[in-house]
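Please load the model in your viewer, show it as a cartoon, and keep a selection tool at hand. The tour goes from one selection to the next and says at each stop what is there.

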Amino acid sequence: MENTVINELRTAYDAQLRGVTPPGGSARVENDGPLTRVVGWRRGFVTGPRDLGVYGAELDALIARQRDFYAARGEAVEWKTRGHDLPADLTDRLSAAGFVAEDSETVLIGRSADLAADPVLPDGVTLRRVTARSDLRRIAAMESTVWGEDWSWLADDLAARIENAPQNTVVLAAEAGAEVVCAAWLVFKDGVDFAGLWGGSTLAEWRGQGIYRAMVAHRAQLAAARGVPYLYVDASADSAPILTRLGLHAVTTTTPYVWSPRG
């Protein structure tokens with residue numbers, strides 16, 4: 001029964017979640033053969049159907065064309081692969097073309113109704129939806145602290161998403177007084193049975209207190225209220241076990257392959 005459920009979820013994922021929603025701002029979406037790519041974002045982004053339908057030298061040429069397209073713009077590009085993609089040698093050919101694999105994540109899917117619950121937060125922590133640039137900059141600063149690198153770009157990215165699709169982008173901040181201790185966002189797509197769980201980073205000193213779980217529960221509430229039956233997330237090794245215990249199912253893995261003009 002479990003395998004049947006996973007196969008059904010993976011099939012729905014492949015049918016509905018292989019495209020990309022324009023992030024707003026100056027970014028635009030283009031097609032090149034079977035591929036969809038984003039231009040004008042913080043870096044290029046390429047995705048495609050499960051089976052690209054091209055092989056050998058033709059596939060090498062398709063890969064090289066994406067690399068050279070972004071090279072001419074002086075931009076890095078991420079090619080999003082999934083563990084069950086075809087042809088099976090896609091990642092080998094990406095590596096041969098100079099793309100480098102980053103950390104793999106697990107694609108998890110769960111039913112919104114099963115995950116929805118009133119968020120339970122530690123004493124002194126509140127949860128609210130934010131849209132103001134000042135709040136988005138505070139979130140970006142928190143993310144920079146969590147990841148130990150400059151995430152200032154995130155404020156502009158979230159602002160563009162909110163401006164482009166205000167009803168489909170829900171950014172949440174968990175705050176202790178004036179400090180953002182965790183942030184996450186929920187992204188809807190019109191006509192799609194899935195809403196995406198993104199973000200979910202928590203300051204180290206606030207982990208283990210149920211804030212991440214509360215973020216998931218509240219976002220599931222919002223999705224269920226909107227009639228969106230499924231939630232999906234690309235989960236890190238840290239968050240995947242938590243989400244699996246909550247009832248999400250692992251359906252595949254995803255690995256970004258990145259080419260950069262810096263090498």
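Helices and strands are DSSP runs, with at least four residues for a helix and at least two for a strand, and they are numbered from the N terminus. The model is a predicted one, and the element names used below follow that numbering.

**The whole chain**

Begin with everything selected, where the chain shows eight helices and 12 strands. The radius of gyration of the chain is 19 Å, close to the 18 Å that the globule rule gives for 263 residues, so the chain is as compact as a globular protein of that length. Along its principal axes, the C-alpha trace spans about 60 × 45 × 30 Å. Of the 263 residues, 49% are buried, and among contacts with a separation of 6 or more, 73% are between residues 24 or more positions apart.

**Arginine 43 and its two partners**

Next, select arginine 43 together with glutamate 78 and glutamate 102, and show their side chains. The side chains of glutamate 78 and arginine 43 form a salt bridge, with 3.0 Å between the closest N and O atoms. Because glutamate 78 belongs to strand β4 (residues 77-82) while arginine 43 sits in the loop between β2 (35-39) and β3 (44-47), this pair ties together parts that are 35 residues apart in sequence. Both of these residues, glutamate 78 and arginine 43, are buried.

Glutamate 102 also forms a salt bridge with arginine 43, and here the closest N and O atoms are 3.7 Å apart. Glutamate 102 is in the loop between β5 (100-101) and β6 (105-111), and arginine 43 is in the loop between β2 and β3, so the pair ties together parts that are 59 residues apart in sequence. The relative accessibility of arginine 43 is 17%, which is under the 20% cut-off and therefore counts as buried, whereas glutamate 102, at 37%, counts as partly exposed.

**Other salt bridges**

Now move to arginine 93 and aspartate 89, which form a salt bridge with closest N and O atoms 2.8 Å apart. Arginine 93 is partly exposed, with a relative accessible area of 22%, and aspartate 89, at 26% relative accessibility, is also partly exposed. Then select Arg28, Glu30, Asp32, Arg37 and Arg65, which are linked in a network of salt bridges. Over the whole structure, a search finds 20 salt bridges.

**The cavities**

How many cavities of 30 Å³ or more are there? The count comes to two, and the largest cavity holds about 40 Å³ of space. To display its lining, select Arg18, Leu35, Thr47, Gly48, Pro49, Arg50, Leu52, Trp79, Lys80, Arg82, Asp85 and Leu90. Strand β4 gives the most to this lining, with three residues, and if you colour the lining of the largest cavity by class, you will find five nonpolar, two polar and five charged residues.

For the second largest cavity, with about 30 Å³ of space, select Leu197, Gly199, Tyr212, Val216, Arg219, Val233 and Leu243 as the lining. Both β10 (194-202) and α7 (211-225) supply at least two residues each to the lining of the second largest cavity, and the largest share, three residues, comes from α7. By class, the lining of the second largest cavity divides into five nonpolar, one polar and one charged.

**Two single residues**

Select leucine 86, found in the loop between β4 and α3 (90-96). At 30% relative accessibility, leucine 86 counts as partly exposed. Leaving aside neighbours within four places in sequence, leucine 86 is in contact with Arg50, Asp51 and Leu52, and two of these names, Arg50 and Leu52, also appear in the lining of the largest cavity. A C-alpha to C-alpha distance drawn from leucine 86 to valine 38 should read 21 Å, for a pair 48 residues apart in sequence.

Finish at valine 107, in strand β6. Is valine 107 buried or exposed? Valine 107 is buried, with a relative accessible area of 0%. Not counting residues up to four places away in sequence, valine 107 touches Tyr13, Val233, Asp234, His249, Ala250, Val251, Thr252, Thr253 and Thr254. One of these contacts, tyrosine 13, is 94 residues away along the chain, yet the C-alpha atoms of tyrosine 13 and valine 107 are separated by 9.6 Å.

Conventions:
Residues are numbered from 1 along each chain as its sequence is written. This is a predicted model: local features need pLDDT of at least 70, side-chain atom pairs count only at pLDDT 80 or more; totals for chains, interfaces and linings use all residues. Side-chain values use heavy atoms; hydrogens and water are left out. A salt bridge is a side-chain nitrogen of Lys or Arg within 4 Å of a carboxyl oxygen of Asp or Glu. Buried means under 20% relative accessible area, exposed over 50%, partly exposed in between (1.4 Å probe, protein chains only). On a 1 Å grid over the protein atoms alone, a cavity is a set of points where a 1.4 Å probe fits but cannot get out, and a pocket is an open set with protein on both sides within 12 Å along at least five of seven lines; lining residues have an atom within 4 Å of a point. Grid points are joined across faces, edges and corners, and a volume is the space filled by probe spheres set on the points. Ala, Val, Leu, Ile, Met, Phe, Trp, Tyr, Cys and Pro count as nonpolar, Asp, Glu, Lys and Arg as charged, and the others, Gly among them, as polar. The radius of gyration is taken over C-alpha atoms; the globule rule is 2.2 Å times the number of residues to the power 0.38. Contact means heavy atoms within 4.5 Å.
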